[in-house]
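Thanks for making the time this morning. I would like to walk through one structure with you, going from the whole chain down to single residues, and I will try to be careful about what is said where.

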Amino acid sequence: MRGLYLAAGLLFVALGFIGAFLPVLPTTPFLIVAAACFARSSQRLESWLLDHPRFGPLLRQWRERGAVPRQAKLMSLAGSSVGFLLFWIGYEPEPVSAIAVAALMLAGVAYVFSRPSA
């Protein structure tokens with residue numbers, strides 16, 4: 001199991017890294033999951049993430065209080081809005097599909113905004 005957690009952690013770090021450059025793919029949720037995987041597989045990689053100068057404070061705040069910084073909340077809202085707009089323009093979805101995608105995105109944004117602010 002340790003190897004699976006390690007592989008999953010590395011995959012989530014890669015997705016988080018990609019998300020740092022793409023506006024529609026989040027970074028922090030992937031790094032939160034990566035840290036959880038590393039906690040079960042590699043203390044060295046878990047420490048590397050938690051001590052990272054940019055992401056470490058966010059990950060520690062999440063672990064301690066489930067907190068999300070206000071700026072991250074706003075970026076979540078902006079990213080979801082841009083993502084939905086690209087979906088709308090690129091696919092010209094049927095109303096049922098558009099409502100389903102909007103509901104999922106709104107649920108995600110609502111969850112992020114329900115967390116305490118860091």
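Of the 118 residues in the protein chain, 28% count as buried, and I should say at once that this is a predicted model. The secondary structure comes to 6 helices and 0 strands, so that is α-α-α-α-α-α when read along the sequence. Along its principal axes, the C-alpha trace of the chain spans about 45 × 30 × 25 Å. If we take the contacts in the chain with a separation of 6 or more, 58% of them are accounted for by residues 24 or more positions apart.

Let me begin with helix H5, which covers residues 70-91. H5 has 22 residues, and from its first C-alpha to its last it reaches 31 Å, which is close to the 32 Å expected at 1.5 Å a residue. Which residues of H5 are buried? They are Lys73, Ser76, Gly79, Gly83 and Phe87, and seen down the axis of H5 these buried residues fall within an arc of 125 degrees, so they line one face of the helix. The general background is that an α-helix has 3.6 residues a turn, so residues three or four places apart point the same way. Turned away from the buried side of H5 is a face that carries the exposed residues Arg70, Gln71, Met75 and Ile89.

What covers the buried residues of H5? The cover includes helix H6, residues 95-114, and the packing of this pair can be described in some detail. H5 and H6 pack at an angle of about 175 degrees, with their axes 9 Å apart, and that angle makes H5 roughly antiparallel to H6. On the H5 side, the residues that meet H6 include Lys73, Ser76, Gly83 and Phe87, and also Leu77, Phe84 and Trp88, while on the H6 side the partners include Ala98, Val101, Met105, Val109 and Phe113. By class, the contact of H5 with H6 has 12 nonpolar, 4 polar and 1 charged residues.

Between these two helices there is a residue that I would like to point out separately, namely glutamate 92, which follows H5 and has its place in the loop between H5 and H6. Glutamate 92 has a positive phi of about 45 degrees although it is not a glycine, and at 66% relative accessibility it counts as exposed.

Now to the earlier part of the chain, and first to helix H2, residues 28-39. At 1.5 Å a residue, the 12 residues of H2 should span 16 Å, and its end C-alpha atoms are 16 Å apart, which agrees. The buried residues in H2 are Phe30, Leu31, Ala34, Ala35, Cys37 and Phe38, and down the axis of H2 they fall within an arc of 160 degrees, so here too they line one face of the helix. What covers these buried residues of H2 includes H1, H3 and H4.

Two of those covering helices also meet one another. The axes of helix H3, residues 43-50, and helix H4, residues 56-65, come within 7 Å and cross at roughly 105 degrees, and H3 and H4 are therefore roughly perpendicular to each other. In this contact, Glu46, Leu49 and Leu50 of H3 meet Gly56, Leu59, Arg60 and Arg63 of H4, and by class the residues divide into 3 nonpolar, 1 polar and 3 charged.

Finally, two residues from helix H1. Leucine 6 has its place in H1, residues 2-19, and at 29% relative accessibility it counts as partly exposed. Leaving aside its neighbours within four places in sequence, with which residues is leucine 6 in contact? The contacts are with Phe38, Ser41, Ser42 and Leu45, and of these Phe38 is one of the buried residues of H2. Leucine 6 and alanine 35 are 29 residues apart in sequence and 10.0 Å apart in space, C-alpha to C-alpha. Alanine 8, which also lies in helix H1, is partly exposed, with a relative accessible area of 23%. From alanine 8 to phenylalanine 113 there are 105 residues in sequence and 27 Å in space, C-alpha to C-alpha, and phenylalanine 113 belongs to the H6 side of the contact with H5.

Terms used. Residues are numbered from 1 along each chain as its sequence is written. This is a predicted model: local features need pLDDT of at least 70, side-chain atom pairs count only at pLDDT 80 or more; totals for chains, interfaces and linings use all residues. Side-chain values use heavy atoms; hydrogens and water are left out. Helices (H or I, at least four residues) and strands (E, at least two) are DSSP runs, numbered from the N terminus. The expected span of a helix is 1.5 Å times one less than its number of residues. Buried means under 20% relative accessible area, exposed over 50%, partly exposed in between (1.4 Å probe, protein chains only). The arc is that of the directions from the helix axis to the C-beta atoms. Contact means heavy atoms within 4.5 Å. Axes are lines fitted to C-alpha atoms, for helices over the stretch in contact, and angles run from 0 to 180 degrees between N-to-C directions. Angles under 35 degrees count as roughly parallel, over 145 as roughly antiparallel, 65 to 115 as roughly perpendicular and the rest as oblique. Ala, Val, Leu, Ile, Met, Phe, Trp, Tyr, Cys and Pro count as nonpolar, Asp, Glu, Lys and Arg as charged, and the others, Gly among them, as polar.
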